[in-house]
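Me: Hello! I have just opened a new structure and would like to walk through it with you. Could you take my questions one by one?

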Amino acid sequence: MDIKFSTAVLAARDNGTPLVALESTIITHGMPWPQNVETARGVEAVIRAQGAEPATIAVIDGVLHIGLEDVQLDTLGQNTDVMKLSRADFAFAMAKGKTGSTTVAATMIAAHMAGIAVFATGGIGGVHKGAETSFDISADLLELAQTNVVVVCAGAKAILDLSKTLEVLETQGVPVIGYGTDELPAFWSRSSGLAAPLRLDTPEEIAKHTRMRLECGIKGGTLIANPVPEISEISAQEINAHIARALQEAEDQGISGKNVTPFLLGRMVELTDGASLKTNIALIENNATLAGKIAIALTSA
Ligand code: PSU
Ligand code: MN
């Protein structure tokens with residue numbers, strides 16, 4: 001299999017600079033152009049500011065890329081014909097020479113293959129509202145159960161059923177850790193009304209927990225739920241009306257499968273006049289900062 005490392009990632013590997021993985025579905029299916037590319041670059045800069053090196057992951061013409069060159073990021077951000085890759089179709093895209101962006105699940109697989117321990121994203125996929133009839137549960141949850149990567153997110157997206165999402169994570173043995181909070185954050189909002197099962201307050205504590213799991217031989221990822229900064233949050237009550245409307249539209253239009261999350265995120269940007277996008281950008285940068293700190297903490301001591 002061909003794996004292509006970017007120039008910057010290769011240099012980091014030579015120097016022993018810790019790497020932080022970044023997904024690319026957020027770029028191709030999560031945000032409109034040009035904010036998607038601007039955000040991707042901003043997030044990379046935030047990680048470098050912490051002394052770590054970002055590795056944005058994607059499959060381009062069948063080749064797994066760990067770290068993207070500037071031109072590749074530009075091209076991917078404007079390409080409207082990109083597969084959204086999860087565990088089920090990651091290898092398919094490589095076998096068929098396709099271009100695909102990696103979701104949380106596929107990015108975890110690729111990060112693990114490349115020896116990257118920490119990954120920053122916005123919000124993971126989870127159990128959708130109405131899953132009792134649709135059975136729509138993101139493969140992200142099952143990946144967290146089996147692949148050793150620390151995933152920093154702002155909680156699961158509030159378009160999901162958060163309590164069912166927590167239940168599945170508990171069943172699958174995934175530690176869900178509130179960062180500096182006792183409450184599970186809900187992506188655009190800091191609060192969900194649900195307790196975070198576990199709490200840690202510093203990158204060093206997270207690094208210690210990660211090492212402890214490794215020593216115990218416990219397989220699987222850790223989910224760090226990092227609340228969006230207060231100045232950027234949209235209150236739950238403000239966002240909920242928009243969520244209800246977007247969900248109704250998805251149902252009316254028969255949106256299903258892989259298209260559900262991109263459809264809902266896109267409608268949320270429109271319904272909030274871009275406010276949800278601004279919050280989305282702020283929370284990803286906040287997560288990238290923390291992921292950079294965790295990556296550094298994992299190398300020291
Ligand atoms: N969160 C965002 N934007 C996104 C996603 C999450 O703010 O684009 C993407 C991630 O790649 C996540 C995927 O893994 O949505 C989940 O998709 P699904 O619900 O189809 O599993
Ligand atoms: Mn789904």
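**A walk through the model**

Reply: Gladly, and let us begin with one threonine: Thr99 is buried, as its relative accessible area is 16%, and a residue counts as buried under 20%. Please keep in mind throughout that this is a predicted model.

Me: Where does Thr99 lie in the chain?

Reply: Two elements frame this residue, α5 (90-95) and β6 (100-102). Thr99 belongs to the loop between α5 and β6.

Me: Which backbone nitrogen does the side chain of Thr99 reach?

Reply: Leaving out neighbours within four places in sequence, Thr99 is in contact with Val59, Ile60, Asp61, Leu76, Asn79, Val82 and Met83. One of these contacts involves a backbone nitrogen, which the Thr99 side chain reaches at 3.0 Å. That nitrogen belongs to Asp61.

Me: Is Asp61 itself buried or exposed?

Reply: Asp61 sits in the loop between β3 (53-60) and β4 (63-66). Its phi is positive, about 45 degrees, although Asp61 is not a glycine. The relative accessibility of Asp61 is 57%, and because the cut-off for exposed is over 50%, Asp61 counts as exposed.

Me: How far apart in space are Lys84 and Thr99, C-alpha to C-alpha?

Reply: Lys84 has its place in strand β5 (residues 83-85), while Thr99 lies in the loop between α5 and β6. In sequence, Lys84 and Thr99 are 15 residues apart. In space, their C-alpha atoms are separated by 9.1 Å.

Me: Is Lys84 buried or exposed?

Reply: Beyond four places in sequence, Lys84 touches several residues, including Thr25, His29, Asp89 and Ser101. Its relative accessible area is 16%. With that value, Lys84 is buried.

Me: What distance separates a polar side-chain atom of Lys84 from an oxygen atom of ligand 1?

Reply: Ligand 1 is surrounded by 17 residues, and Lys84 is among the closest, together with Glu23, Ser138, Asp140 and Thr261. The lysine approaches an oxygen atom of the ligand with a polar side-chain atom. The distance between them is 2.7 Å.

Me: Which residue has a polar side-chain atom 3.1 Å from a nitrogen atom of ligand 1?

Reply: Ligand 1 also has an oxygen atom 2.8 Å from a polar backbone atom of Val104. The nitrogen you ask about has a side-chain partner instead, at 3.1 Å. That partner is Lys157.

Me: And how much of the accessible area of ligand 1 does the protein cover?

Reply: On its own, ligand 1 has 480 Å² of accessible area. The share of this area that the protein covers is 94%.

Me: Let us turn to His128. Which residue is 32 residues away from His128 in sequence but 4.5 Å away in space, C-alpha to C-alpha?

Reply: His128 is found in the loop between β7 (118-120) and α7 (131-134), and is buried at a relative accessible area of 7%. Setting aside neighbours within four places in sequence, His128 is in contact with Asp136, Leu160, Asp161, Val260 and Thr261. The one that matches your two values is Leu160.

Me: What kind of aromatic pair do Phe187 and Trp188 form?

Reply: The count of aromatic pairs comes to 1. The ring centres of Phe187 and Trp188 are 4.8 Å apart and the planes meet at 85 degrees, so the pair is edge-to-face.

Me: Are these two rings in buried or exposed residues?

Reply: Phe187 lies in the loop between β9 (176-179) and β10 (198-200), and has a positive phi of about 65 degrees although it is not a glycine. The relative accessible area of Phe187 is 2%, and Trp188 has a relative accessibility of 1%. Both residues are buried.

Me: Which residue has its charged end over the ring of Phe5?

Reply: The charged end in question sits 4.1 Å from the centre of the Phe5 ring. It belongs to Arg13.

Me: One last stop: which two residues does a cis peptide bond join?

Reply: The bond has an omega of about 5 degrees. One partner is a proline in the loop between α2 (25-28) and α3 (35-49). The residues joined are Trp33 and Pro34.

Note on methods: Residues numbered from 1 in each chain as written. Chains lettered and ligands numbered in written order. Predicted model: local features only at pLDDT ≥ 70, side-chain atom pairs only at ≥ 80, totals over all residues. Heavy atoms only, no water. Phe/Tyr/Trp six-rings, centres within 6.5 Å; stacked < 30°, edge-to-face > 60°. Buried < 20%, exposed > 50% of the residue type's maximum accessible area, 1.4 Å probe, protein only. Lys NZ or Arg CZ within 6 Å of the ring centre and 35° of its normal. Helix = DSSP H or I, 4+ residues; strand = E, 2+ residues; numbered from the N terminus. Polar contact = N/O pair within 3.5 Å; in protein donor to acceptor, adjacent residues only side chain to side chain. Contact = heavy atoms within 4.5 Å. Near = heavy atom within 4 Å. Areas by Shrake-Rupley, 256 points an atom, 1.4 Å probe, with all protein chains shown as cover.
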